[in-house]
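Here are my notes on this structure, point by point. Keep the 3D view open as you read.

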Amino acid sequence: MTLIASTILALLAVAYNPSMMGAAAAFLIVILVGLGRREKEVINPYYLFLSTPISLLLYSDTVSQIFLPPIEEEVQLIIVGAIFAYLAGLLSYGGVGRTFKAKPSLAYHFYIILGLGIIPHLAGAVTNGFPLLAGDVNASRENYFLPVIGQFTVFLPVAMLIAFRRKDRSLIILSVALNAFLSAMVVSRFSIMFSALFFFYGYFRYDGKSSLGIRPSHLVAAAAISIPFLFEAIFAARESASQTAYAWRRELEFGSVFLNTYGDYTYLPYIYLTAPWSNFSYLFEVRTEMTYGARSIYSIASFLQIEQFLNFEPRVVRNATFNTHAFPADFYLDFGVLGVVLLSFLLGFLVKWSYIAAQKSSDVLQEAIWMSFAFASFMLFFSNHFTGLSYPLISLALFSVYRFVRRLARARPQHQRA
């Protein structure tokens, strides 16, 4: 039934966006739903990647000629190549295997993990104060996290996974409350959504229904309903004004009288979903020189603190108000069309590796590495976090080091007894 429903919805969506990329996106949605249903985990690479074809289907040049102009067929073809190359990368890695038995997991102390995640917030609050309470929210956010120490915030949502795994209701509530409170204090959509993904993963993987007594359908419905209001609240907190006070709002006109009249909470999420594809298309209109890998390895250089040696200009945008590019942008600017296809394939392969590694290890920190990669894969329609941001690599490094140290600490007493 799910597959049939997704097929019908995809066909209806094609009528809304009758284009090459619209048809390809609809076809990809049906494929991803079919593949996702075969996985035991609800939070899997196929369901997460659905955000990308959905954003393509929603793209309509009738909404705004300024922000969402028509995309040339050549660019649409490259977009189609990128999304299916990514899917091919996912499929090429394989699966867990029917006879597989997960390795025993290390036990992690809830309060140590929680403390590592809270320390950056305590340091930021002491030195700069909470951004939500500051007069200039944006300036406060830029200086909130201290260098190096700020990276340890990735541990904070991991506490939720440990709490769900222990099926301890009090620890679940504590970890969720702290994640929600500190994300709100930082006024960060990223932090809220990042923590939410960890929450849903822990809920579905460790039978959160029995721990919390909340139905999955109720949780998903509450999350879907809250997203538009979340966007409005954060926008108002950062800009000290409603979205309707800004000129860009007047450039959006939906075909629905209801949305144009009452849809104040929908147009910002909509433009965030679709504008990155417009900016990607704009790269083809403004020809620039190739950067031969500098953009694709930026996150690695940033992690190693040598990004200053990478010399390239910022990506051009169609309008400064919305300045992100869909995931193939850096690949195209580095290596052209060939880079879009090959690097999208490798990216899919990397994401699938992190997913399978989490399944095989049954280790909370390996699951946390997968969650970091998972969130980046979910956001591919918006921006390529694998190339532009360093948190997937930071999570991989910090969690791997912590796990190694924990393993040594556990082995030492055994060695002394021997």
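1. How much space lies in the largest cavity? About 40 Å³. Bear in mind that this is a predicted model, and the values here are computed from it. A search of the whole structure finds one cavity of 30 Å³ or more. Rolling a probe the size of a water molecule over the atoms shows where empty space is left.

2. Now look at the walls of that cavity. Its lining consists of Phe67, Ala275, Ser278, Asn279, Arg318, Asn319 and Phe322. Sorted by class, the lining has three nonpolar, three polar and one charged residues.

3. Take one lining residue, Ser278. Ser278 sits in helix α14, which covers residues 267-285. Is Ser278 buried or exposed? Ser278 counts as buried because its relative accessible area is 1%, under the 20% cut-off. Setting aside neighbours within four places in sequence, Ser278 is in contact with Tyr59, Phe67, Leu68, Pro69 and Arg318. Phe67 and Arg318 also appear in the lining of the largest cavity.

4. Next, the second largest pocket. Its volume is about 390 Å³. There are 17 lining residues, and the closest to the centre of this pocket are Ser296, Ile300, Leu347, Leu350 and Phe386. Four elements give two or more residues to the lining: α15 (298-303), α16 (328-361), α18 (385-388) and α19 (391-417). Which of the elements supplies the largest share of the lining? Helix α16 does, with five residues. The lining of the second largest pocket divides into 13 nonpolar residues, four polar and no charged.

5. Step back to the whole chain. The protein chain has 19 helices and zero strands. Of its 418 residues, 48% are buried. The chain exposes about 20100 Å², and carbon and sulfur atoms supply 65% of that area. Consider contacts between residues at least 6 apart in sequence: 75% of them join residues at least 24 apart.

6. On to the nonpolar interior. The largest nonpolar core holds 104 residues. Which members touch the most other members of this core? They are Trp277, Phe280 and Trp370. Look up Trp277 in the structure. Leaving aside neighbours within four places in sequence, Trp277 is in contact with Thr52, Ser55, Leu56, Tyr59, Ile71, Ile79, Ala326, Phe327, Pro328 and Phe381.

7. Leu35 is a good exercise in tracing contacts. Leu35 belongs to helix α2, residues 20-37. With a relative accessible area of 14%, Leu35 is under the 20% cut-off, so Leu35 is buried. Not counting residues up to four places away in sequence, Leu35 touches Tyr46, Leu87 and Leu91. Leu35 and Leu91 are 56 residues apart along the chain, and their C-alpha atoms are separated by 9.5 Å.

8. Two residues deserve a check of the backbone. Most residues other than glycine have a negative phi. Asp207 is not a glycine, yet its phi is positive, about 55°. Asp207 is in the loop between α10 (189-205) and α11 (208-212). At 40% relative accessibility, Asp207 is partly exposed. Ser362 is also a residue other than glycine with a positive phi, near 55°. Ser362 lies in the loop between α16 and α17 (364-378). Ser362 counts as buried because its relative accessibility is 17%, under the 20% cut-off.

9. Finish with two more loop residues. Where is Pro314 placed? Pro314 is in the loop between α15 and α16. Pro314 counts as exposed because its relative accessibility is 64%, over the 50% cut-off. The C-alpha atoms of Pro314 and Arg295 are separated by 9.7 Å, with their positions 19 residues apart along the chain counted as the distance apart. Ala134 is in the loop between α6 (110-127) and α7 (137-144). Ala134 is partly exposed, with a relative accessible area of 25%. Ala134 and Met185 are 51 residues apart along the chain, and their C-alpha atoms are separated by 9.9 Å.

Definitions and conventions: Residues are numbered from 1 along each chain as its sequence is written. This is a predicted model: local features need pLDDT of at least 70, side-chain atom pairs count only at pLDDT 80 or more; totals for chains, interfaces and linings use all residues. Side-chain values use heavy atoms; hydrogens and water are left out. On a 1 Å grid over the protein atoms alone, a cavity is a set of points where a 1.4 Å probe fits but cannot get out, and a pocket is an open set with protein on both sides within 12 Å along at least five of seven lines; lining residues have an atom within 4 Å of a point. Grid points are joined across faces, edges and corners, and a volume is the space filled by probe spheres set on the points. Ala, Val, Leu, Ile, Met, Phe, Trp, Tyr, Cys and Pro count as nonpolar, Asp, Glu, Lys and Arg as charged, and the others, Gly among them, as polar. Buried means under 20% relative accessible area, exposed over 50%, partly exposed in between (1.4 Å probe, protein chains only). Contact means heavy atoms within 4.5 Å. Accessible areas come from the Shrake-Rupley method with a 1.4 Å probe; for residues, only the protein chains shown count as cover. A nonpolar core is a set of buried Ala, Val, Leu, Ile, Met, Phe, Trp, Tyr and Cys residues joined through side-chain atoms within 4.5 Å.
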